[in-house]
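Dear colleague,

I am handing over the structure we discussed, and below it you will find notes on the ligand site and the enclosed space around it. Please read them alongside the coordinates.

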Amino acid sequence: MKPTIFWRDKKIIMMDQRKLPFKEEYQEYSDFNEVAVAIKDMVIRGAPAIGVAVAMGIALGASRVKAKDYNEFKEKMEHIFKVFKETRPTAVNLFWSINRMRDLIFRNIESGVETVKRLLYEESEKIREEDEKANRLIGANGAKLIKSGAKILTYCNAGSLATAFYGTALGVIRSAWEKYKNIEVFSCETRPYLQGARLTTWELLEDNIPVTLITDNSAGYFISNKFIDLIITGADRIAANGDTANKIGTYTLAVLAKENNIPFFVAAPVSTIDLSIPDGKKIPIEKRNEDEVTHFLDKRIAPFGVKVVNPAFDVTPSHFITSIITEKGVIKPPYDVNISLIYDSFFH
Ligand code: MRU
């Protein structure tokens with residue numbers, strides 16, 4: 001595992017995930033606008049990693065703000081929040097981070113601008129460290145649900161790269177691997193951006209965890225022929241009733257799991273739960289550029305003039321989800337009751 005994002009000399013350093021698996025290249029950022037562009041352009045992606053990048057980007061932006069008083073500082077910070085809000089709409093961790101950083105500014109109104117800037121920097125580091133700790137707990141909680149020899153299907157990349165470190169769905173897989181050393185992973189390619197083919201396989205091979213790459217449209221074949229014992233994915237936003245937004249294609253896998261009587265698990269930190277949204281219909285779904293569908297490695301593969309729609313996420317209704325694995329424990333149905341219980345225990 002290589003670090004996804006970190007501070008060096010008051011600059012933000014990020015692994016450039018667009019270059020993987022062929023190049024391990026880090027980019028350096030000293031301007032918050034560049035961090036926002038990096039999030040939009042998928043240099044860093046995955047809900048928890050986006051949350052961490054936003055917190056660090058806000059701290060970086062704050063450090064460069066010139067303000068004569070607290071009110072001017074607050075005003076300039078609102079502009080920075082707006083820039084980050086407009087990067088990617090689905091992952092709630094982004095908005096969670098903004099709210100946490102904004103609260104910190106309000107709570108420290110008396111401390112003076114320079115102190116607040118320092119506190120923002122420290123808070124961003126705290127968010128990064130907490131994310132790794134949460135992932136290790138998710139891993140330990142989830143590994144208890146996995147049996148020796150299990151064949152596990154995962155989707156997209158919910159690994160170390162999608163978080164501060166260790167991963168959510170891949171955190172569970174890593175933890176189960178530590179325990180048994182005999183599990184096997186199947187990774188779907190995850191068209192069109194290929195997070196499964198490029199990133200998940202890269203991470204698992206680095207850790208020597210057995211992984212087989214399959215096409216997205218072969219999942220039904222593998223599941224119905226009993227090559228798969230369970231499915232585990234990450235999440236971008238979990239509504240109060242458990243409906244879960246994740247990478248486009250996740251819903252299809254959840255339906256396949258139910259049809260074939262295998263468990264479908266979601267692994268995510270509590271910061272991915274959005275209690276302000278009652279159900280999945282209200283989750284905003286990002287539409288990405290049509291080039292991701294019409295082109296492959298910058299080469300056009302579809303005819304000119306064809307109409308394209310490219311939603312980046314779909315919503316899996318909660319009745320398809322066997323359990324949601326968090327750092328606070330494993331949430332089982334009824335989700336409308338049990339999610340609030342976990343959420344309350346997190347904050348009180
Ligand atoms: O578009 P991406 O690559 O940001 O989408 C990532 C996913 O859908 C992940 O499964 C999700 O963010 C969870 S990552 C721990």
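**Ligand site and cavities**

Sorted by class, the shell around the ligand comprises eight nonpolar, seven polar and four charged residues, where Ala, Val, Leu, Ile, Met, Phe, Trp, Tyr, Cys and Pro count as nonpolar, Asp, Glu, Lys and Arg as charged, and the others, Gly among them, as polar. This is a predicted model, in which local features need pLDDT of at least 70 and side-chain atom pairs count only at pLDDT 80 or more, while totals for chains, interfaces and linings use all residues. Residues are numbered from 1 along each chain as its sequence is written, and side-chain values use heavy atoms, with hydrogens and water left out.

The ligand is surrounded by 19 residues (a residue is near if one of its heavy atoms lies within 4 Å), and the closest are Ala-47, Arg-88, Gln-195, Asn-246 and Lys-247. Among the polar contacts (pairs of N or O atoms within 3.5 Å), a ligand oxygen atom lies 2.9 Å from a backbone N or O atom of Gly-46. On the side-chain part, an N or O atom of Gln-195 is 2.8 Å from an oxygen atom of the ligand, and for Lys-247 the corresponding distance to a ligand oxygen atom is 2.7 Å. Taken alone the ligand exposes 410 Å², of which the protein buries 100% (accessible areas by the Shrake-Rupley method with a 1.4 Å probe).

The ligand sits in the largest cavity, meaning that more than half of its atoms lie within 2 Å of the cavity's grid points. A cavity here is a set of points, on a 1 Å grid over the protein atoms alone, where a 1.4 Å probe fits but cannot get out, and lining residues have an atom within 4 Å of a point. By this rule there are three cavities of 30 Å³ or more, and the largest holds about 210 Å³ of space, a volume being the space filled by probe spheres set on the points. Of the 24 residues lining the largest cavity, those closest to its centre are Gly-46, Ala-47, Asn-157, Asp-236 and Asn-246. The elements giving two or more residues to this lining are α2 and β9 (DSSP runs, helices being H or I of at least four residues and strands E of at least two), and α2 gives the most, with three residues.

The second largest cavity has about 60 Å³ of space, and its lining includes Gln-195 and Lys-247. By class, that lining has six nonpolar, two polar and three charged residues.

Best regards

How values were computed
Polar contact = N/O pair within 3.5 Å; in protein donor to acceptor, adjacent residues only side chain to side chain. 1 Å grid on protein atoms, 1.4 Å probe; cavity = no way out; pocket = protein on both sides within 12 Å on 5 of 7 lines; lining within 4 Å.
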